[in-house]
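Biologist: Got a minute to go through this one with me? I'd like to start with a helix and work outwards.

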Amino acid sequence: MMWDGLSPGRSAQVEVQRIAPARPRFPPGAVEPVTPPQAPGPRIGLALGGGSARGWSQIGVIEVLEEAGIHPVVVAGCSIGAVVGGCYAAGQLGLLKSFALSLTRRSVMGLLDLRLRSGLIAGDRLRRRLQHDLADRRIEGLPIRFASVATDLDSGEEVWLTRGCLVEALRASYALPGIFPPVRCGGRLLLDGTLVNPVPVSIARALGADLVICVNLNGDPRSGDPRDAVPARIAAEPVVAPAPRRPRRWGLRRPGPRAQTAGAQIAGVQIAGAEAPGSAHGLATPGMARVMLDAFNITQDRISRARLAGDPPDIAIVPRLAEMGLFEFHRAAEGIALGREAARAALPQIRSLVAAAAART
């Protein structure tokens, strides 16, 4: 791992990962993140993955862990997982939950400031909201050790944001290509971390976690139609399509009639998708933003599988989110409930592993 020496300032400082070490190295004179006194037992790490609106389920997961007396001391987040993890590490998870539960279709659109430059959404309104809630919090001053992951636009390297302005670190991690513009941090242009490490288990381990619990937002294999299951290989579609059905790609559902008529519009592009006149076989023709989100989700799923196969977590929590679209931020109550359900199901296994690790120490 190489450290990029950066001058002090509001920008988040970055670490560029080339080969994941056992523990990150910090430059001479750097201030290590504040870590609370360690209770007896293993250090629990939490790796929160990307998944747009599905990330609200991670609030429910954290609530159940806290209620069960399982308190992570290390949190690594990617994209929406960085937002949830950063707010948790800053002691503001309740504030984030209240904000999420207040969202409606209309208020979600009110947060979007549209432009057609390096992204459809400028992101200034979201940035101001984060700054209002998190003020000038810096990563190295958080009571829980925290890191977010982003992607260097020029080199494609994986970047760990481990100190500096918390808000800027979160913005860089969720800068979805084509939707949000890149964020400049420490002289680098950074994009969404899901391009390189969608479920950052490796970062949680590098920051000192003994046991890592990950939340994978895109691992639900459910499908209402067996033909909609994730394909093991690419197969050619027949020339004559079967009866119209609602395809679901990689857990992304196509909205029903209600969503098609009330879908969110971004610069004239329908997010939820809408039926186009004369579309083949009666299937909906997706808009540009929908295509970008679906394509990004496919890429994220493939990268997640590869990364988790090489560095698996000790426990993987997979909320059943196949019926929740990536842009349905107004469904926070459902997402949080599904996160709580998944976490409760995993509690016996988590307790068993924690007890075994404690016995070894």
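Modeller: Sure, and keep in mind that this is a predicted model. Helix 2 is followed by Gly91, which has a positive phi, near 75 degrees.

Biologist: And helix 2 itself, how many of its residues are buried?

Modeller: Helix 2 covers residues 80-89, and 10 of its 10 residues are buried. Among them are Ile80, Val83, Val84, Cys87 and Tyr88, along with glycines such as Gly81, Gly85 and Gly86.

Biologist: OK, zoom out for me. How many helices and strands are there in the protein?

Modeller: You've got 10 helices and 14 strands. Of the 361 residues, 54% are buried. The accessible surface comes to about 15,700 Å², and carbon and sulfur atoms hold 58% of that.

Biologist: What share of the contacts comes from residues 24 or more positions apart?

Modeller: 75%, counting contacts with a separation of 6 or more.

Biologist: Now the inside. Which residues touch the most other members of the largest nonpolar core?

Modeller: Trp56, Leu96 and Ile317, in a core of 68 residues. Helix 10, residues 332-360, gives the most to this core, with eight residues.

Biologist: What is Trp56 in contact with, leaving aside its neighbours within four places in sequence?

Modeller: Quite a list: Ile80, Leu96, Phe99, Ala100, Leu103, Met324, Phe329, Ala332, Gly335 and Ile336. Ile80 is one of the buried residues of helix 2, where we began. Apart from that core lies another, of 19 residues, including Ala47, Val199, Leu207 and Cys214.

Biologist: Let's stay with Cys214 then. Where is it found, and is it buried or exposed?

Modeller: Cys214 is found in strand 9. It's buried, with a relative accessible area of 0%.

Biologist: What does Cys214 touch, beyond residues up to four places away in sequence?

Modeller: Ala47, Val199, Val201, Pro313, Ile315, Ala316 and Ile317. Take Ile315: Cys214 and Ile315 are 101 residues apart in sequence, yet their C-alphas are 6.3 Å apart in space.

Biologist: Ala47 came up there too. Which way does Ala47 point from strand 3?

Modeller: Ala47 and Gly45 point one way, while Ile44, Leu46 and Leu48 point the other way, and all of them are buried. That alternation is what you'd expect, because side chains in a regular strand alternate between the two faces of the sheet. Strand 3 spans residues 44-48 and has five of its five residues buried, so the rest of the structure largely encloses it.

Biologist: How does strand 3 pair with strand 9 and strand 4?

Modeller: In the parallel sense with each. Strand 3 and strand 9, residues 211-215, pair over five bridges, and Ile44 stands opposite Leu211. Strand 3 and strand 4, residues 74-78, pair over four bridges, with Gly45 opposite Val74.

Biologist: What does the chain cross through to get from strand 3 to strand 4?

Modeller: Helix 1, residues 57-67, and this β-α-β crossover is right-handed.

Biologist: Switching to strand 6. In which sense does it pair with strand 5?

Modeller: Antiparallel, over four bridges, with strand 5 at residues 145-152. Thr151 stands opposite Glu158 in strand 6. The two strands form a hairpin with five residues between them, and Gly156 in the turn has a positive phi of about 80 degrees.

Biologist: And why is strand 6 called largely enclosed?

Modeller: Because six of the six residues in strand 6, residues 158-163, are buried.

Biologist: Last topic: aromatics. How many aromatic pairs are there?

Modeller: The count comes to three aromatic pairs. The ring centres of Tyr174 and Phe180 are 5.3 Å apart and the planes sit at 70 degrees, so that pair is edge-to-face. Both Tyr174 and Phe180 are buried. Phe327 and Phe329 also form an edge-to-face pair, 5.6 Å centre to centre with 80 degrees between the planes, and both of these are buried as well.

Biologist: Which residues do ring pairs link into a cluster?

Modeller: Trp56, Phe327 and Phe329. So we're back at Trp56, which touches Phe329 and belongs to the 68-residue core.

Definitions and conventions. Residues numbered from 1 in each chain as written. Heavy atoms only, no water. Buried < 20%, exposed > 50% of the residue type's maximum accessible area, 1.4 Å probe, protein only. Contact = heavy atoms within 4.5 Å. Areas by Shrake-Rupley, 256 points an atom, 1.4 Å probe, with all protein chains shown as cover. Core = buried A, V, L, I, M, F, W, Y, C linked by side-chain atoms within 4.5 Å. Phe/Tyr/Trp six-rings, centres within 6.5 Å; stacked < 30°, edge-to-face > 60°. Pairing = 2+ DSSP bridges. Right-handed = clockwise from strand over helix to strand, strands pointing away.
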